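Open the model in your viewer and get ready to select residues. We will make two stops, one at each ligand.

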Amino acid sequence: MFQRNTDIDRRSRLIAPGRGGDGPVVYWLSREQRADDNWSLLFAQQEALDRQRPLVVVFCLVTDYPEATLRHYHFMLTGLVELQQKLAGLGIVLQLLEGSPERLLPPFLADTGAHLLVSDFDPLRIKQGWKKQLRPRLSLPWHEVDGHNIIPAWVTSEKREYAAYTIRPKINRLLDSYLTDFPKLVPHPYPSAVAATPLDLKTLCARVKDRRSGPVSWLQSGEKAAAGAVATALVQRLPGYADRRNNPCLPGQSGLSPYLHFGQFSAQRLAKTVAAGNLPPESRDAFLEELVVRRELADNYCLYEPEYDTFAAFPSWARNTLHSHRLDPRPYLYSPASLEQAETHDPLWNRCQQDLLTVGKLHGYLRMYWAKQILLWSREPEEALATAISLNDRYSLDGRDPNGYAGIAWSIGGVHDRAWPERPVFGKIRSMTASGCRRKFPVDLYIQSPRETALSLF
Ligand code: FAD
Ligand code: FO1
């Protein structure tokens with residue numbers, strides 16, 4: 001009798017019951033783009049082994065994913081090419097379908113006689129929309145697995161959490177029991193009748209519609225590169241995390257967010273390594289606070305707040321204070337287009353925006369400054385929010401992510417924050433100034449540093 005691993009099972013939930021065909025177990029991969037340490041893939045393989053069936057992985061390539069440009073597709077597809085080869089070595093087919101999942105998955109599942117469907121958990125609206133449209137078109141059992149959070153988001157909390165201090169005890173209560181070792185994906189013994197078309201990076205990139213920002217060359221994509229970056233970060237960056245992470249002139253942050261965003265490295269693996277490693281305790285704890293508490297709080301926000309990217313999602317104190325300062329004169333007023341082109345009076349802000357435009361990443365500490373100045377210089381908070389989200393999603397490699405929606409809502413709308421002393425335009429939203437930045441790090445050094453320096457720091 002096949003012995004099931006219950007640690008794999010508890011990361012999943014049945015989202016639609018049904019009766020499948022005689023074919024393979026199909027894993028519709030989207031958010032967790034890796035072979036190693038992937039609970040969704042492990043769950044799909046466990047189902048396939050239990051039922052003595054082939055395992056097929058399918059990815060739906062949507063070439064007009066909102067705000068995604070060639071920069072992001074090139075990074076993502078490079079990783080998928082590597083993933084296809086890695087899975088093939090284990091007897092698992094990765095098939096790419098070009099088009100939207102709700103249109104392409106039903107015929108694919110019918111043609112292959114799929115027995116059961118497994119998909120990644122993802123709180124973003126676009127993903128929820130795909131799933132909603134798919135549901136009435138499918139008749140096979142469908143399981144969703146949270147391979148992104150260490151504790152499945154629906155287990156941690158059943159509601160939108162108010163702030164880090166409300167979710168932290170819920171996470172801490174469960175963390176030890178969920179921060180377990182990953183079982184290994186094994187060579188799959190039941191061959192599939194589906195023949196995968198080898199992925200060709202150049203051909204696929206040629207199909208991408210939005211080419212406003214191009215590929216980056218400073219960061220290698222893929223699981224192998226991600227593992228290398230983690231190893232470097234553990235030795236060279238994270239030991240000084242507690243003291244250096246707020247200084248964009250020093251390599252004090254991990255620089256791993258693009259890999260985590262595209263699921264090329266498991267946050268659970270990273271957290272386990274850091275928790276068991278020998279970083280100084282202040283750096284270890286500060287890093288785990290961001291990687292676990294803040295990151296899982298961001299997923300909680302998008303899961304339970306469907307309007308996560310709108311003014312309506314701000315807490316009532318923040319909406320009220322922004323309303324009462326709506327007509328305050330702005331010290332400077334810039335259109336979204338001027339902001340996009342980094343055409344403001346402020347050299348620090350312009351440098352931040354130029355890093356987004358050309359590097360494709362902005363240092364974590366400066367992200368707050370960047371977003372808060374957009375609030376200060378926009379006609380109204382709604383416009384500020386829309387501008388910040390659009391620029392972040394369009395240019396940042398790690399954009400289009402719950403962390404981005406939560407981070408921007410925190411900066412502009414007080415989400416997960418508290419009221420601060422009142423100021424013009426900001427009201428009670430926490431403000432940030434260039435002179436405040438000067439007290440934290442050598443601002444001129446950052447502004448004047450060559451772009452290559454930024455690449456080695458982010
Ligand atoms: P590290 O400090 O080394 O942290 C490691 C990981 O922990 C990060 O990669 C990320 O997954 C997680 N993390 C760190 N800080 C946060 C946080 N505040 N909230 C949630 N998770 C966190 N993060 C994104 O991944 N994508 C975004 O688009 C994004 N946009 C942001 C916009 C604004 C205005 C703000 C204030 C924050 C944003 N963040 C975003 C959160 C955070 O700034 C980045 O995750 C971090 O700078 C990424 O660099 P790093 O990997 O070196 O971070
Ligand atoms: N997910 C898909 O399933 N198909 C895509 O074509 C796709 C494109 C894409 C482009 C940029 C980007 O940042 C994300 C993209 N994703 C795609 C989603 C991604 O896998 C993540 O699930 C979410 O962005 C984060 O939750």
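Start with ligand 1, and keep in mind that this is a predicted model. Select domain 2 (150-186 + 222-305), then domain 3 (307-457). Each of these gives at least three residues to the shell around ligand 1.

Now show the whole shell. There are 25 residues around ligand 1. Tyr241, Ser254, Gly255, Arg367 and Asn392 come nearest. Color the shell by residue type. You should find 8 nonpolar, 11 polar and 6 charged residues around ligand 1.

Next, look for polar atoms facing the ligand. Which residue has a polar side-chain atom 2.5 Å from an oxygen atom of ligand 1? Select Tyr241 to see that atom. Move on to Lys361. A polar atom of its side chain is 3.3 Å from an oxygen atom of ligand 1. Then pick Leu256, and look at the backbone this time. There, an N or O atom of the Leu256 backbone is 3.2 Å from an oxygen atom of ligand 1.

Turn on the surface. On its own, ligand 1 has 820 Å² of accessible area, and the protein covers 92% of it. Four helices each give two or more residues to this shell: α11 (257-261), α13 (281-304), α17 (364-377) and α19 (402-413).

Now go to ligand 2. Where does ligand 2 sit? In the largest cavity. Its shell holds 21 residues. The closest to ligand 2 are Ser30, Asp122, Lys127, His261 and Arg400.

Zoom in on the side chains. Begin with Asp122: a side-chain N or O atom is 2.8 Å from an oxygen atom of ligand 2. Arg31 is next, with a polar side-chain atom 3.1 Å from a ligand 2 oxygen. Finish with Gln33, where the side chain has an N or O atom 3.2 Å from an oxygen atom of ligand 2. How much of ligand 2 does the protein bury? Alone, ligand 2 exposes 520 Å², and the protein buries 100% of that.

Color this shell by type as well. Around ligand 2 there are 12 nonpolar, 5 polar and 4 charged residues. Then highlight β3 (55-61), α3 (70-88) and α5 (125-134). Each of them supplies at least two residues of the ligand 2 shell.

For the last view, select domain 1 (6-148) and domain 3 (307-457) together. Both give residues to the shell around ligand 2, so ligand 2 lies between them.

Technical notes:
Residues numbered from 1 in each chain as written. Chains lettered and ligands numbered in written order. Predicted model: local features only at pLDDT ≥ 70, side-chain atom pairs only at ≥ 80, totals over all residues. Heavy atoms only, no water. Near = heavy atom within 4 Å. Polar contact = N/O pair within 3.5 Å; in protein donor to acceptor, adjacent residues only side chain to side chain. Areas by Shrake-Rupley, 256 points an atom, 1.4 Å probe, with all protein chains shown as cover. 1 Å grid on protein atoms, 1.4 Å probe; cavity = no way out; pocket = protein on both sides within 12 Å on 5 of 7 lines; lining within 4 Å. Sits in = over half its atoms within 2 Å of the grid points. Nonpolar A, V, L, I, M, F, W, Y, C, P; charged D, E, K, R; others polar. Domains from an automatic or database assignment.
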